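Me: Please take a close look at the empty spaces in this protein. I want to know what lines them.

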Amino acid sequence: MSTNIAGKRVLILQQRGWGVRIGHPLARRLAEIGAVLAAVTVKRATHRFTVEQRDVAYESVYPADDIKENPQNAGDLDSVSLAEICAELGIESVWPLAQASRNHVSSYRDRFYYGFRQNQSDSQIGDFIKGTFLHVRRCFDDFRPDILVLPNFAGLQHIIFSLMAEKRGVPACAAIDSKVRNVQIFARDHLARRSNYLDRLAELRNGATSSNIRRAEEYIAKNRERLSATSISTSMAKAFAGGNARDGNELDLVLEPRVGLLAYARALRMSVAESIAYLRSGRTEHFANLGVTNDFRPPRFIFRDHFMAVKYRRVAERYPYAKLDNIGKFVFLPLQVQPEATLNIQAPRFNNQIELARQVAMSLPGDHTLVVKDHPNMTWRHPPSYIDKIARTPNVKLVDFRLRAESILRRASVLVSPSSSTIAEAALLRVPCIQLGDLGTTAAYPNVTRHRDLSTLSKAILDVLATSVDSATYDADLNRCVAAAFDVGVESKYHKIWAGEISEEAASEDMKRFITAFVDEIDRLLGQTCVDAEACS
């Protein structure tokens, strides 16, 4: 029963589909308990839904899209400098944060799926940072929240909200992936350095017991026998390949090419349908200063995207990849989806993956090569020249993207990754990992060594290779890592609900469980902040 929420001021970011499918039911529950709510809306359709609905009486609604289109809407941009923003947020530079705003630092007009040329000038990006900062500060100053609720930490606004909340002593809460299959946990900052998961893991490492240790042991044993990998099939694969798309879960070897010439006919059909929808819906999500984006694509870009996706995928399926069986000792670098939070927020200094592969390859011991595997969901999205540059880099072997990560991990000496679920998979298989990024969840695993300096990566790899691991000690700690997720996490089809991939009826029980868990975590955090805080008086 919630006891700390009534009368508390909750600021919730109602973002895109999350704001409608998850954020709204969550806000409704909080309102029923007696919370005072305000909302920050992201995407115009979500803003319209938020202001027109009648279930929740928000004290204030702050549309973020007004700032995205014109940062001047946030106030006098000359009233704050980038240096002052750094000082107030406690950071050294704003420019790593800017990487989180893909429509500003990357151009969707230039190429599907985003070109590497910046979409806006440095001064325009600087103005957007200032506008977002002033907008976030206004939300805190005007509404004075007791807690901040977010859908995730995936953009510039989320990061600034996270940093300002931390500086002001306001707890934040967002559901994130625990790296244990289908289990979500609740993080309190944009790098998940603070979460209910890490709190519980610390307790277990300090001697607490868990009723889920046996379940964790079974989960690890099952995955060591065969990883519970997610399917490499995407909605794009199913759409373009029709009934010929096959799930790769049960195959160690690559699949035969699945996208044939008929895919172009399907691309045409989908392009026509989406163009008609565009003409009917008008320019709702158009921002004059940003132009073409993933949310606003005039018909010629719709056609471009669908036909380029088929072309890229067909080339990727037919590329002359290196054979894994012909490679000796190697270090594994899996490529990540880009632009995405995994790189642009958790590891912005390592988000040039072509250069990252070159740097890692140069850092390997003399008898090792670097094996690189493209992310299956990116084979539709970047041109053949992208993977060709990586494949033609010294001491790099590009292997087929359809290979299961498991089959590569079982042979790898070390995994190097900025931040990804592959780190947790490597932990299950006792494969050592050098994590370049800052995600706190994966950094807690016993196979992980955190390292941020590419100039000293050679020594870090040698140190990891020379380190002997006691299996019993390692497994005991890995059990605690998995058990902690089961102890405090919530099991649900969270991402499918968010994406609208399952019906409201099918999601009903999962939604009840998830909303209850979210409310309980908000209640817990509010209770913690009021133990001896003067702000609670």
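Reply: A cavity here is a set of points, on a 1 Å grid over the protein atoms alone, where a 1.4 Å probe fits but cannot get out. This is a predicted model, where local features need pLDDT of at least 70 and side-chain atom pairs 80 or more, while totals for chains, interfaces and linings use all residues. Residues are numbered from 1 along each chain as its sequence is written, and side-chain values use heavy atoms, without hydrogens or water.

Start with the closed spaces. Two cavities reach 30 Å³ or more. The largest cavity holds about 80 Å³ (the space filled by probe spheres set on points joined across faces, edges and corners). Its lining residues (an atom within 4 Å of a point) include Arg16, Lys43, Asp65 and Lys68. Asn103 is also in this lining. The rest of the wall is Glu285, Phe287, Leu290, Thr293 and Asp295. Six of the lining residues are charged (Asp, Glu, Lys, Arg). Two are nonpolar (Ala, Val, Leu, Ile, Met, Phe, Trp, Tyr, Cys, Pro), and two are polar (the others, Gly among them).

Now the second largest cavity. About 40 Å³ of space lies there. Tyr312, Val315 and Ala316 help to line the second largest cavity, as do Asp374, Thr379 and His382. Pro383, Pro384 and Ile387 complete the list. Six of these residues are nonpolar, two are polar and one is charged. Two helices (DSSP runs of H or I, at least four residues, numbered from the N terminus) each supply at least two of the lining residues: α13, spanning 299–318, and α16, spanning 384–391. With three residues, α13 gives the most.

One open space belongs in the same tour. A pocket is an open set of points with protein on both sides within 12 Å along at least five of seven lines. The second largest pocket has a volume of about 480 Å³. It is lined by 22 residues. Closest to its centre are Ile91, Pro96, Leu97, His190 and Leu191. Helix α5 (95–98) supplies at least two residues of this lining, and so does α8 (156–168). The largest share comes from α8, with four residues. Sorted by class, the lining of the second largest pocket has ten nonpolar, seven charged and five polar residues.

To recap the walls: six charged residues line the largest cavity, six nonpolar residues line the second largest cavity, and ten nonpolar residues line the second largest pocket.
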